[in-house]
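Please look through the structure shown here, taking the sheet as the starting point and then moving outward to the helices, the aromatic rings and a few individual residues.

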Amino acid sequence: MTTVLRRPRGQRAVGEEPDVGSVPGSGPIVSIEDLRVSFVRGDREVNAVRGVSLGIERGEILGLVGESGSGKSVLGLSLLGLLPTSPSPRVSGRACVAGTDMVAADAETRRLVRRRHMGAVFQDPMTSLNPTMRVGRQVAEAAAAAGQDVASLLDSVGIPDARRRMEAYPHELSGGLRQRVMIAMAIAGNPSLVMADEPTTALDVTVQAQILELIRRLCDELGTSFILVTHDLGVAAQVSDRIAVLYGGRLAEVGPATSIFEKGRHPYTAGLLRSRLVLDTDRTRPVLTLPGEPPDPRSHPPGCPFSPRCDHHRDDCDLALPELSGGGGDATAVACLHPVGVDDVTADETAMVAEWPAVPASTGGRDPAVIVHDVHKDFPLRSGPRRTRLQALRGVSLEIERGESVALVGESGCGKSTLLRAVAGLHGVDRGEIEFSRGMSAQMVFQDAGASLTPWLSIGELIGERLRGEGLSRAGRAAKVSDALALVGLPAEVAAARPAQLSGGQRQRVALARATVVPPGVLLCDEPTSALDVSLAATVLNLIGRLRRQLGMAVLFVTHDLAAARIVADRIAVMYLGRIVETGPSDRVCGDPAHPYTRALLAAVPEMGRTGTRIGGEPANPIDPPTGCSFHTRCPDQVPECASRPQVLVTLGVGPGSRTRSEGSEGLDPGIRQVACSRLAPPSEPSPTEPSPTGAAASDGGEI
């Protein structure tokens, strides 16, 4: 007799892969039902996601937006089956992807669902790519199961000269190219769903436009569904079919992107829209922000989580959690007892905010805080046996008046951060001079405030370090620390906290308090708002504007956000490939750009319903920059002279045709505009000899 051994139902044989099924032909690709995720830290329970129900259709892009701590990333990690295991999460409800519940499934089943049906693109590709492997090999590993050609896959995501790029290591690629490599790996095998978690946060507007355009195209051509996690509601609205707004771990509003962007009905959605910076935001007043702070996930209020910050608050808002209601068609579903009415007449809240106090008038004549004159900076690189030089700064001249704010903008790799670090004294220069006026000093605020604050020191100790040598007693130092915290809107009790105990916005305010506790002559800001959500970014910009007016500081502000540059700065300097190509008053540069590159940057800023227009081609190689105008290889307006005539700044006068050549920007009236464009140079003017860069120093990284 033959004995047939049967496995218990649901148990797999050794080496047998679980059956994760196939993608259903109809119905949602994602189905979330009453999902709840919490973590126990110490003796407190942190409720990250609190009863979310949501579906995502095949070929749909869902924008998932909300402030930091709203639960966006935890929701995404739940769908990927990649929730952190320490501390161990408590998860209930259902989160089905392609018919498999990623909550109830075992680890092997979740792994197979990720391999067959899912892809992921994270915010920082450098933390996701193996720095010791060439990118071609990494993409090949992702594409192996699908039998796809690596070069074709890289070409499909818009990577130029794909076969050559396959041989590069991640650090040899620009941020935009690294993000495209991550997208290529994510779409290998034509997944049903791609989770894109803040894929454009740290990218400049031109690369952001390319990435968003790529996501939209892949969705349309492959039928892949995308979840676009972002803190910028405007970014989500450009490519999303629907938007889901999260707050306090719950859905506040869900609906078509157009409906939400044009008239968000939840007061929180309306607040996010008001806080978002656009190119025509009123810069004579502080930017509108959401009052208060997001709820503590360890102790949510019993009713609506937004009620403590809501200007539509009523007594019944505190009694019970509101559920989503309404929706269907072009309408949105909103979890609010007193939503913003479609026909409500909204007051002009901007006009209700007091104008900025006037900056003290100049005493006449030049009153510079810092002068940058013809600065050159190279970084030596080694390529096999050869040593080459990356030309980061190629003759930059800039003057910043006392109390003036100047913004540096441009694509990644243009040299703006190198210039900022040179002014701070963190980089030596190879040629040229950086001169501070008598008694002037500089302090720097970095992009990642958390990384710049010593984690084992208290906030009071961090700020107090800068008071050494001021001759203060312990009580006097503590009082100065409290005053500095009050100036940035933080209570005195924060002095006893460690950086890890504060939110991202609070850490950025601490960094500003530390930089200004002894007021510097020049405040240097390196992308201080790029990683913050829209409301916190607006708060930080308002804070910088107020501090520089109260303390009389000059500000040099590096950013890739042109709307933020226009708000925070009196003048904007546009950089391309190590040179300033246009400078002038913020409103004029943004409203009537003269240089083709400035026009291209502004065209790349996205608007509702469309992504920005991408600039053709890639930035030239800073190791071997082109002759003549550096931008001519990508310029739609180029003429033959652009390839041979050296770039020089041309001063555009007030009257028509009033243009004179200038060797730099020193000593110019701040209202004057200068443009380095061959088409604007006087035709009778002899071409000066273009200076050649020199020097050597340690590299801070470049783009190839």
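**From the sheet outward**

In this predicted model, eight strands are arranged as an open sheet whose order is E6-E7-E8-E3-E9-E10-E12-E11, with mixed pairing. The edges are formed by strand E6 (118-121) and strand E11 (325-328), each of which pairs on one side only. From one strand to the next, the twist averages 15°.

Helix H7 (residues 205-222) packs on this sheet, where it touches strand E3 (61-65) and strand E8 (225-230), and the direction of H7 makes about 155° with that of E8. Elsewhere in the sheet, strand E9 (residues 242-247) and strand E10 (residues 250-256) are paired in the antiparallel sense, and six bridges join them. To place this pairing at the level of residues, one may take Val 245, whose bridge partner in E10 is Glu 253.

Strand E9 also leads to the aromatic rings. The structure holds six aromatic pairs, one of which is formed by Tyr 247 and Tyr 268. A pair of aromatic rings is described by the distance of the centres and the angle of the planes. For Tyr 247 and Tyr 268 the centres are 4.5 Å apart and the planes are at 55° to each other, so that the pair counts as tilted, the class left between stacked, under 30 degrees, and edge-to-face, over 60. This pair links distant parts of the chain, given that Tyr 247 belongs to strand E9 and Tyr 268 to helix H10 (residues 267-275), with their positions 21 residues apart. Both tyrosines, Tyr 247 and Tyr 268, are buried, and together with Phe 306 they form one aromatic cluster.

Helix H3 (residues 135-143) shows how burial can be distributed around a helix. Its buried residues are Val 135, Gly 136, Gln 138, Val 139 and Ala 143. Seen down the axis of H3, these buried residues fall within an arc of 165°, and they therefore line one face of the helix. The general background is that an α-helix has 3.6 residues a turn, so residues three or four places apart point the same way. On the other side of H3, by contrast, Arg 137 and Glu 141 are exposed.

Two residues deserve attention for their backbone angles. Ala 98, although not a glycine, has a positive phi of about 55°, and Ala 98 is found in the loop between strand E4 (89-97) and strand E5 (100-101). With a relative accessibility of 3%, Ala 98 counts as buried, because the cut-off for that class is under 20%. Asp 374, which is likewise not a glycine, has a positive phi of about 50°, but this residue lies in a strand, E13 (residues 368-383). At 26% relative accessibility, Asp 374 counts as partly exposed.

Finally, the reader may turn to His 632, which is found in the loop between helix H20 (596-604) and strand E22 (650-652). Which residues does His 632 contact, leaving aside its neighbours within four places in sequence? The contacts of His 632 are with Pro 626, Thr 627, Gln 638, Cys 642 and Ala 643. His 632 has a relative accessible area of 11% and is therefore buried. The C-alpha atom of His 632 is separated by 9.5 Å from that of Ser 678, a residue 46 residues apart from His 632 along the chain.

Definitions and conventions:
Residues are numbered from 1 along each chain as its sequence is written. This is a predicted model: local features need pLDDT of at least 70, side-chain atom pairs count only at pLDDT 80 or more; totals for chains, interfaces and linings use all residues. Side-chain values use heavy atoms; hydrogens and water are left out. Helices (H or I, at least four residues) and strands (E, at least two) are DSSP runs, numbered from the N terminus. Buried means under 20% relative accessible area, exposed over 50%, partly exposed in between (1.4 Å probe, protein chains only). Contact means heavy atoms within 4.5 Å. The arc is that of the directions from the helix axis to the C-beta atoms. Two strands pair if DSSP finds at least two bridges between them. Axes are lines fitted to C-alpha atoms, for helices over the stretch in contact, and angles run from 0 to 180 degrees between N-to-C directions. Rings of Phe, Tyr and Trp (its six-membered ring) pair if their centres lie within 6.5 Å; planes under 30 degrees apart count as stacked, over 60 as edge-to-face and the rest as tilted.
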